[in-house]
Amino acid sequence: MDAIQKKWRNCKRTNEAERRIAHFEEVKAANEIEADKFEEQLRVIQKKIQNMESSYDVCIEDLFNQTVKLEGMEKKASNAEQEVSALRGRLILLQENNEKQEERLCKATLELAGACQRADQSVRKRIELENGVSSNEETIDNLDKQLSEAKITLSDSESKYEDISRKMATLEADAVRGNERAEGAEKKIMDIEEELKVV
């Protein structure tokens with residue numbers, strides 16, 4: 001009887017151990033399934049991280065390229081501004097020189113008018129002397145001399161007037177070209193500013 005009871009207890013213990021083993025096997029299988037799920041999630045996350053790193057590298061490269069392009073545009077804008085500044089300076093000098101030439105032209109014109117007036121007076125005096133009774137040769141010689149000097153002065157004044165007129169025409173042409181170059185440079189700056197806005 002004792003042997004039967006002992007055998008029964010052993011069988012009961014064996015069944016309990018088998019149930020425990022089966023339970024552990026179920027828990028293990030469930031844990032393995034859960035671990036597989038976590039590993040799959042980890043692979044998905046790692047793939048996302050790789051994609052994000054690749055996108056980050058592309059963004060960094062684009063940023064570098066845009067920075068280089070922006071620096072080039074800024075350099076072009078700076079060069080254009082310097083060119084416009086130089087052209088404006090030259091235009092100011094041309095305008096100042098033009099004003100001086102105009103003053104000289106006015107002065108030469110006044111001198112020419114004075115010489116013409118003196119020549120007219122000399123001619124009138126000569127006519128008066130020729131029509132007069134007096135035949136003072138010395139006075140006539142002096143008047144002839146004054147008339148010759150007046151003619152020389154008139155010729156010199158006319159020559160100066162022509163020289164100044166030619167210089168004025170040259171300066172006006174230079175001023176027009178300077179204005180055109182300044183306008184062209186300002187247009188370049190506006191184009192570069194538009195490109196910078198687009199960037």
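## A walk along two helices

At 8% relative accessibility, A150 counts as buried, because a residue is called buried when its relative accessible area is under 20%. A150 is found in helix α2, and this alanine makes a good starting point for our walk through what is a predicted model. Look across from A150 to D120: these two residues are 30 apart along the chain, and their C-alpha atoms are separated by 9.2 Å.

Now step back and take in the whole chain. How many helices and strands are there in the protein chain? There are two helices and zero strands. Helix α1 covers residues 2–131, and helix α2 covers residues 137–198. Of the 199 residues in the chain, 15% count as buried, and A150 is one of the buried residues. The accessible surface of the chain comes to about 16300 Å², with 54% of that area belonging to carbon and sulfur atoms.

Contacts tell you which parts of the sequence meet in space. If you take contacts between residues at least 6 apart in sequence, 90% of them join residues at least 24 apart. For an example, turn to I192, which is found in helix α2. I192 and K76 are 116 residues apart in sequence, yet from C-alpha to C-alpha they are 7.5 Å apart in space. Setting aside neighbours within four places in sequence, I192 is in contact with M73, K76, A77 and A80. I192 is also buried, with a relative accessible area of 10%.

Let us follow I192 into its surroundings. In soluble globular proteins, nonpolar side chains tend to be buried together. Here, I192 belongs to the largest nonpolar core, a set of nine residues that also holds M73, A77, A80, V84, L87, A182, A185 and I189. Helices α1 and α2 each supply at least two residues of this core, and α1 gives the most, with five. Another core member, I189, has contacts of its own: beyond neighbours within four places in sequence, I189 touches A80, E81 and V84. Notice that A80 turns up again here, as a contact of I189 and also of I192.

Next, move to the surface. Y56, I60 and L63 form a nonpolar patch there, and together they have about 320 Å² of accessible area. In the middle of this trio by number, I60 sits in helix α1. Is I60 buried or partly exposed? With a relative accessible area of 38%, I60 is partly exposed, so it lies between the 20% and 50% cut-offs.

Charged side chains have a story too. Side chains of opposite charge can pair when their charged atoms come close. The count for this model is one salt bridge, and it links E40 with R43, whose closest N and O atoms are 2.4 Å apart. Why can these two meet? They are three residues apart in helix α1, so about one helical turn separates them. Both ends of the pair are partly exposed: E40 has a relative accessible area of 40%, and R43 has 45%.

Finally, have a look at the cysteines C59 and C106. C59 counts as exposed, at 52% relative accessibility, whereas C106 counts as partly exposed, at 48%. How many disulfides does the structure hold? The structure holds zero disulfides.

Notes. Residues numbered from 1 in each chain as written. Predicted model: local features only at pLDDT ≥ 70, side-chain atom pairs only at ≥ 80, totals over all residues. Heavy atoms only, no water. Salt bridge = Lys/Arg side-chain N within 4 Å of Asp/Glu carboxyl O. Helix = DSSP H or I, 4+ residues; strand = E, 2+ residues; numbered from the N terminus. Buried < 20%, exposed > 50% of the residue type's maximum accessible area, 1.4 Å probe, protein only. Patch = residues over 30% accessible without salt bridge, like charges linked within 9 Å, V, L, I, M, F, W, Y side chains within 5 Å. Areas by Shrake-Rupley, 256 points an atom, 1.4 Å probe, with all protein chains shown as cover. Core = buried A, V, L, I, M, F, W, Y, C linked by side-chain atoms within 4.5 Å. Contact = heavy atoms within 4.5 Å. Disulfide = S-S within 2.5 Å.
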